[in-house]
Amino acid sequence: MAPPIPHVMSGTVSSDVECRFTETGLAVCRFRVTATPSHWDAAAQTWRDSAPIPYICTAWRDLARNATESLTPGVTVLITGRITEIRDNSIYLSVDDLGVSLRQRIAYTETSLPSPAAAAPVAAHPTPQPAAPSAPRATTRQPGNPPAWWDKQRSSGWSEPAASAADGSPLHVVR
């Protein structure tokens with residue numbers, strides 16, 4: 001018998017995600033998704049929605065835990081899975097992969113969350129003050145002090161390459 005063909009669909013989560021655990025501690029979740037395919041009506045020259053297709057989705061292990069934490073009713077998702085059964089006018093789908101559609105919303109991952117400073121109120125930028133004359137730096141290089149070329153390049157507005165790499169190619173400062 002041939003392996004099941006992966007089924008890819010897009011739809012809207014239409015129920016809360018229910019998570020349970022097997023006797024061995026394996027996470028399994030179930031949720032409903034409604035897909036509303038559209039088709040082109042050539043006579044009216046417009047897209048028309050077809051009849052909604054109800055899916056009952058089941059996910060296992062880490063995917064079940066992540067889906068339980070991430071999905072709420074009304075979120076549009078993209079699902080890859082295998083049809084396991086068609087019963088009671090619903091398609092039962094064993095979910096292999098799941099993602100939130102970015103068509104209508106922004107999604108943040110744990111590593112791309114904005115910092116708390118992003119929510120801070122924006123204050124007007126202070127008026128720039130003229131730079132005070134600085135004392136010349138010591139000519140002896142000490143740890144923590146910039147190299148001699150630093151002040152020269154800084155005062156010239158960084159218009160030229162700052163230095164050369166070991167292979168002789170110029171290093172450019174990116175502003």
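The lining of the second largest pocket is mostly a polar affair: by class, it has two nonpolar, eight polar and one charged residues. Keep in mind that this is a predicted model. Below you'll find that pocket, its bigger neighbour in the ranking, two residues with an odd backbone angle, the cysteines, and a serine worth a look.

**The second largest pocket**

- This pocket holds about 320 Å³ of space.
- Its lining is made up of Ser 10, Gly 11, Thr 12, Thr 34, Ala 35, Thr 36, Thr 76, Leu 78, Ser 101, Arg 103 and Gln 104.
- Three strands, β1 (7–13), β3 (27–35) and β7 (76–87), each chip in at least two lining residues.
- Strand β1 gives the most, with three residues.

**The largest pocket**

- Empty space like this is found by rolling a probe the size of a water molecule over the atoms.
- The largest pocket has a volume of about 500 Å³.
- Its lining counts 16 residues, and the ones nearest the centre are Ser 70, Val 100, Ala 107, Tyr 108 and Thr 109.
- Helix α1 (61–70) and strand β8 (90–100) each supply at least two residues of this lining.
- The largest share, four residues, comes from α1.
- What classes of residue make up this lining? There are ten nonpolar, four polar and two charged residues.

**Two residues with a positive phi**

- Most residues other than glycine have a negative phi, so a positive one is worth a second glance.
- Arg 61 has a positive phi of about 60°, although it isn't a glycine.
- You'll find Arg 61 in helix α1, and it is exposed, with a relative accessible area of 53%.
- Asn 89 is another non-glycine residue with a positive phi, near 65°.
- Where does Asn 89 sit? Its place is in the loop between β7 and β8.
- Asn 89 is exposed as well, with a relative accessible area of 71%.

**Cysteines without a bond**

- A disulfide is a covalent bond between the sulfur atoms of two cysteines.
- How many disulfides does a search of the whole structure find? The count is zero.
- Cys 29 is in no disulfide, and the nearest cysteine sulfur, that of Cys 19, is 6.0 Å away.
- To count as a disulfide, two cysteine sulfurs have to be within 2.5 Å.
- Why is there no bond between Cys 57 and Cys 29? The Cys 29 sulfur is the closest one to the sulfur of Cys 57, but at 8.8 Å it is too far for a bond.
- Is Cys 29 buried or exposed? At 1% relative accessibility, Cys 29 counts as buried.
- Cys 57 is buried too, with a relative accessible area of 0%.

**A closer look at Ser 15**

- Ser 15 lies in the loop between β1 and β2 (18–21).
- Even though Ser 15 is in a loop, it is buried, with a relative accessible area of 18%. The cut-off matters here: buried means under 20%, so Ser 15 makes it into that group.
- A polar atom of the Ser 15 side chain lies 2.9 Å from the backbone nitrogen of Arg 32.
- Leaving out residues up to four places away in sequence, Ser 15 touches Phe 31, Arg 32 and Pro 73.
- Arg 32 therefore turns up twice, both as a residue Ser 15 touches and as the owner of that backbone nitrogen.

How values were computed
Residues numbered from 1 in each chain as written. Predicted model: local features only at pLDDT ≥ 70, side-chain atom pairs only at ≥ 80, totals over all residues. Heavy atoms only, no water. 1 Å grid on protein atoms, 1.4 Å probe; cavity = no way out; pocket = protein on both sides within 12 Å on 5 of 7 lines; lining within 4 Å. Points joined across faces, edges and corners; volume = space filled by probe spheres on them. Nonpolar A, V, L, I, M, F, W, Y, C, P; charged D, E, K, R; others polar. Buried < 20%, exposed > 50% of the residue type's maximum accessible area, 1.4 Å probe, protein only. Polar contact = N/O pair within 3.5 Å; in protein donor to acceptor, adjacent residues only side chain to side chain. Contact = heavy atoms within 4.5 Å.
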